[in-house]
Amino acid sequence: MKALRFGRLSAVAVVAAGVLALSACGSDNATGTQNSAAASGSKVTGTLTGTGSSAQASAIDAWKQGFTQANPGVTVQYSPDGSGAGRKTFISGASQFAGSDAAMKPEELTSAKQVCGPDGAMDIPVYISPIAVTFNVPGVKELNLSPDTIAKIFRGAVTKWNDPAIAADNSGVSLPDLKITPVHRSDDSGTTQNFTEYLAAAAPSVWTDKGAQTWPSSLPGENAKGTSGVVKTVTDTPGAFAYADDSAVTSSLGKAKVKVGDTFVALSAEGAAKAVALSKPAAGRAANDLALNLDRTPTDSSAYPIVLVSYHVVCTSYKDQATADLVKAWETYVVSDAGQKAAASAAKSAPLSSDLAAKAKTAIESIKVKS
């Protein structure tokens with residue numbers, strides 16, 4: 001699967017054409033099914049509310065532009081309050097979908113039955129993105145870092161940029177005698193979940209905590225809310241070191257190459273897509289729940305292992321036909337070729353593979369009205 005890059009203007013044109021086609025006939029579906037709201041040629045209307053992943057923020061903005069351009073009677077509201085907050089809001093019934101960088105937990109799926117009916121909710125993958133290991137070291141933009149070294153920095157065992165552990169993998173790089181300031185998310189974060197899962201799998205002798213959505217409170221460093229908050233803190237702090245969705249990392253910051261086997265692998269959308277392709281479906285999920293069990297320790301050097309698959313959590317059934325049609329139309333656009341190209345242009349993400357997109361469209365089409 002190759003990541004696609006488009007200029008912003010051409011992406012908007014593709015988006016508009018794709019969404020107009022979707023609204024007219026609902027046929028952008030590899031399974032051959034049609035979106036019920038668009039099957040008759042009508043456009044959907046109403047207000048759609050989502051909350052959650054800040055990593056998805058740039059992609060959501062692109063999706064909103066394309067979708068509402070073809071459906072001017074629709075307002076899409078999205079609050080990037082973090083994945084955990086998004087799932088809680090969704091389970092409470094205050095939003096129609098949640099953006100989440102981690103799939104729903106079994107207990108959350110059970111709780112969601114109160115608002116979604118007996119079949120509950122399902123996870124639909126919509127956004128694949130590498131998580132950058134980013135830093136602010138004056139004069140340095142690229143570094144090689146092993147999983148153990150990354151974990152040691154965040155645990156406070158490596159505290160200076162010229163530490164021998166860093167220098168050993170970066171021959172010829174002038175490393176300053178500068179204090180390292182680790183920066184982590186302060187909020188309940190799916191990005192944190194993915195990053196700590198990676199550390200637990202790739203550096204188990206150093207990172208002794210389990211993967212979790214909240215950062216271990218005992219560890220040193222600064223904290224910031226949301227992806228944008230982390231990137232701003234790193235930008236403003238010489239010596240800072242952090243993890244963040246690549247969509248928000250600016251060219252003023254450095255990005256580390258991460259060791260995979262004996263090779264240091266640069267961050268790329270293609271590498272993130274390869275890591276997802278090597279992963280397996282999560283066990284014990286319902287038929288249309290597409291949660292993935294990501295491979296955090298690949299041996300294939302074309303895979304970038306610090307990756308997140310961000311989901312839209314939706315109900316399997318909604319209270320009325322209008323809401324069901326609106327959610328289905330929105331999500332069908334999001335996973336369409338046009339929607340994925342728009343996200344790739346806006347957020348540097350990797351489009352879903354054709355196989356995963358087809359499964360997502362089948363799941364979306366299964367959404368119904370509560371009986």
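**Figure 1. Helices α10 and α12 side by side in the predicted model.** In this predicted model, helix α10 (residues 321-335) packs against helix α12 (residues 354-365) at an angle of about 180°, and their axes lie 10 Å apart. Angles over 145 degrees count as roughly antiparallel, and α10 and α12 are therefore roughly antiparallel to each other. If you would like to find the contact on your screen, look for K328, E331, T332 and V335 in α10; these meet A357, A360, K361, I364 and E365 in α12. By residue type, the contact of α10 with α12 divides into four nonpolar, one polar and four charged residues.

**Figure 2. The buried and exposed sides of helix α4.** Helix α4 covers residues 106-116, and its buried residues are E108, L109, A112 and C116. Viewed down the axis of α4, these buried residues fall within an arc of 95°, so they line one face of the helix. T110 and Q114, on the other side of α4, are exposed. What covers the buried residues? Among the elements that do so are α3 (83-92), β4 (121-135), β13 (307-315) and β14 (317-318). Follow the chain just past α4 and you come to G117, which takes a positive phi of about 90°.

**Figure 3. Strand β4 and its pairing partners.** In β4, 15 of the 15 residues are buried, so this strand is largely enclosed by the rest of the structure. Which strands pair with β4? One is β13, which runs antiparallel to β4 and is joined to it by nine bridges. Two residue pairs help to place this pairing: I124 has H312 of β13 as its bridge partner, and Y127 has S310 of β13. Strand β8 (residues 240-245) also pairs with β4 in the antiparallel sense, over five bridges, including the one between A132 and A244 of β8. Strand β9 (residues 254-260) is another antiparallel partner of β4, with two bridges; here T134 stands opposite K255 in β9.

**Figure 4. Strand β13, covered on both faces.** In a regular strand the side chains alternate between the two faces of the sheet. For β13, are the two faces covered or open? Both are covered, with V307, V309, Y311, V313 and C315 buried on one side and L308, S310, H312 and V314 buried on the other. That picture agrees with the tally for the strand, in which nine of nine residues of β13 are buried. Besides its nine bridges to β4, β13 pairs in the antiparallel sense with strand β3 (residues 97-100) over four bridges. H312 is a handy residue to centre on: G99 stands opposite H312, and H312 is also the bridge partner of I124.

**Figure 5. Helix α8 and the strands that it packs against.** Helix α8 takes in residues 226-236, and G226, T227, G229, V230, V231 and V234 are buried in this helix. Which elements do these buried residues pack against? They pack against β4, β6 (181-185), β7 (222-224) and β8. Two of these strands, β4 and β8, also pair with each other in the antiparallel sense.

**Figure 6. D246 and K348, two loop residues in contact.** D246 sits in the loop between β8 and β9. Is D246 buried or exposed? At 3% relative accessibility, D246 counts as buried, because the cut-off for buried is under 20%. Leaving aside neighbours within four places in sequence, the contacts of D246 are S129, P130, A132, K255, L267 and K348. Of these, S129 is 117 residues away from D246 along the chain, yet the C-alpha atoms of D246 and S129 are separated by 6.9 Å. K348, another of these contacts, is found in the loop between α11 (337-347) and α12. With 26% relative accessibility, K348 counts as partly exposed. The backbone of K348 deserves a look too, as its phi is near 60°, a positive value in a residue other than glycine.

**Figure 7. T149, a buried residue in helix α5.** T149 belongs to helix α5 (residues 147-155). Its relative accessible area is 5%, and T149 is buried. What does T149 touch? Not counting residues up to four places away in sequence, T149 touches A165 and I166.

Notes:
Residues are numbered from 1 along each chain as its sequence is written. This is a predicted model: local features need pLDDT of at least 70, side-chain atom pairs count only at pLDDT 80 or more; totals for chains, interfaces and linings use all residues. Side-chain values use heavy atoms; hydrogens and water are left out. Buried means under 20% relative accessible area, exposed over 50%, partly exposed in between (1.4 Å probe, protein chains only). The arc is that of the directions from the helix axis to the C-beta atoms. Contact means heavy atoms within 4.5 Å. Axes are lines fitted to C-alpha atoms, for helices over the stretch in contact, and angles run from 0 to 180 degrees between N-to-C directions. Angles under 35 degrees count as roughly parallel, over 145 as roughly antiparallel, 65 to 115 as roughly perpendicular and the rest as oblique. Ala, Val, Leu, Ile, Met, Phe, Trp, Tyr, Cys and Pro count as nonpolar, Asp, Glu, Lys and Arg as charged, and the others, Gly among them, as polar. Two strands pair if DSSP finds at least two bridges between them.
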